[in-house]
Amino acid sequence: MRFLLMLTLLASVATAQEVAQKDQTQSVKFLQAISGSIMVYSVDNDELFPDKAGAAGLEQIRSQYLMKPVFIAPFDKQSVPVKEEEKLTEKNTSYAYVGAGLSNGKGYTGGRVETPIAFEKPWLRKDGKIAILYLGGNVFVKNVKAENCLEAANALRKDNYPNEPYWDKIIANAQAIDKAHGITYQTQTEKTP
């Protein structure tokens, strides 16, 4: 009996891991679709990326460049699908678009192919992994311990040319997304001993 219980437990753990991996793979595919749409948008707009942070930037590509619903990751139990006639808001997407103010080419305003332009909102996953879309179009899953978009952006900045000026835009975009979610930060002076 004990052996059967162990087998059942192991099987359920394996199944949960397979579901989590499948959900992450689907989310990576969604980010790849978003990447392709951003690149097409940039071709039509002097190589500039959507110029609004967060859901507003994703809304800029939604109607003309991305017809399929890819804004909510399978593991996201918080976001609500957007109705066709409504504008995309932060409550309608699993992804933080932080690429506003960057470009892809002759209108170059900063960024490298390994510059993050979007990522899964970190509070949606409890395992510390987030899929990240880079300016060059690649999507990678990394362990990023963060509770909000600002912490995620700062964690990604550490190993990615941290002194480059485009990070100021990415950080400001991450803060704007957090603000839209009602996330506030405690500063050093506000901390109590």
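Which residue in E4 is the bridge partner of Lys-129? The partner is Asn-143. This is a predicted model, and the report below goes from that hairpin to the core, then to the charged pairs and two unusual backbone angles.

**The E3–E4 hairpin**

Strand E3 covers residues 129–134 and strand E4 covers residues 139–143. The two pair in the antiparallel sense, over five bridges. Lys-129 and Asn-143 form one of the bridge pairs. Four residues lie between the strands of this hairpin. Gly-137 takes a positive phi there, near 100°.

**The nonpolar core**

The largest nonpolar core has 50 residues. Ile-34 and Phe-119 touch the most other members. Many elements contribute: helix H1 (2–44), H2, E1, E2, E3, H3 and H4 each supply at least two residues. H1 gives the largest share, eight residues.

What does Ile-34 contact, leaving aside its neighbours within four places in sequence? The list is Leu-58, Ile-61, Leu-66, Val-70, Phe-71, Tyr-95 and Leu-133. Two of these contacts, Leu-58 and Ile-61, are also among the buried residues of H2.

**Helix H2**

H2 spans residues 55–65. The helix is mostly covered, with eight of its 11 residues buried. Nonpolar side chains are among the buried set, including Leu-58 and Ile-61. Glu-59, Gln-60 and Arg-62 are buried in H2 as well.

Glu-59 and Arg-62 also meet each other in a salt bridge. Both lie in H2, three residues apart, about one turn of the helix. In an α-helix there are 3.6 residues a turn, so residues three or four places apart point the same way. Both partners of this pair are buried.

**Salt bridges**

How many salt bridges does a search of the whole structure find? The search finds five. Side chains of opposite charge can pair when their charged atoms come close. Three of the pairs are set out here.

| Acidic residue | Basic residue | N to O distance |
|---|---|---|
| Asp-51 | Lys-52 | 3.8 Å |
| Glu-59 | Arg-62 | 2.9 Å |
| Glu-164 | Arg-112 | 2.9 Å |

The Glu-164 and Arg-112 side chains meet in a salt bridge. This pair links distant parts of the chain, 52 residues apart. Glu-164 sits in the loop between helix H3 (149–158) and helix H4 (166–180). Arg-112 sits in the loop between strand E1 (95–97) and strand E2 (116–120). Glu-164 is partly exposed because its relative accessible area is 27%, between the 20% and 50% cut-offs. Arg-112 also counts as partly exposed, at 29% relative accessibility.

The pair of Asp-51 and Lys-52 has a different setting from the buried one in H2. Asp-51 has 53% relative accessibility, so it counts as exposed. Lys-52 is partly exposed, with a relative accessible area of 44%.

**Positive phi outside glycine**

Where do Asp-46 and Tyr-161 lie? Asp-46 is in the loop between H1 and H2. Tyr-161 is in the loop between H3 and H4, the loop that also holds Glu-164. Asp-46 has a positive phi of about 50° although it is not a glycine. Tyr-161 likewise has a positive phi of about 50° and is not a glycine.

Is Asp-46 buried or exposed? Asp-46 is exposed, because its relative accessible area is 56% and the cut-off is over 50%. Tyr-161 has a relative accessible area of 42%, so it is partly exposed.

Technical notes
Residues are numbered from 1 along each chain as its sequence is written. This is a predicted model: local features need pLDDT of at least 70, side-chain atom pairs count only at pLDDT 80 or more; totals for chains, interfaces and linings use all residues. Side-chain values use heavy atoms; hydrogens and water are left out. Two strands pair if DSSP finds at least two bridges between them. A salt bridge is a side-chain nitrogen of Lys or Arg within 4 Å of a carboxyl oxygen of Asp or Glu. Buried means under 20% relative accessible area, exposed over 50%, partly exposed in between (1.4 Å probe, protein chains only). A nonpolar core is a set of buried Ala, Val, Leu, Ile, Met, Phe, Trp, Tyr and Cys residues joined through side-chain atoms within 4.5 Å. Contact means heavy atoms within 4.5 Å.
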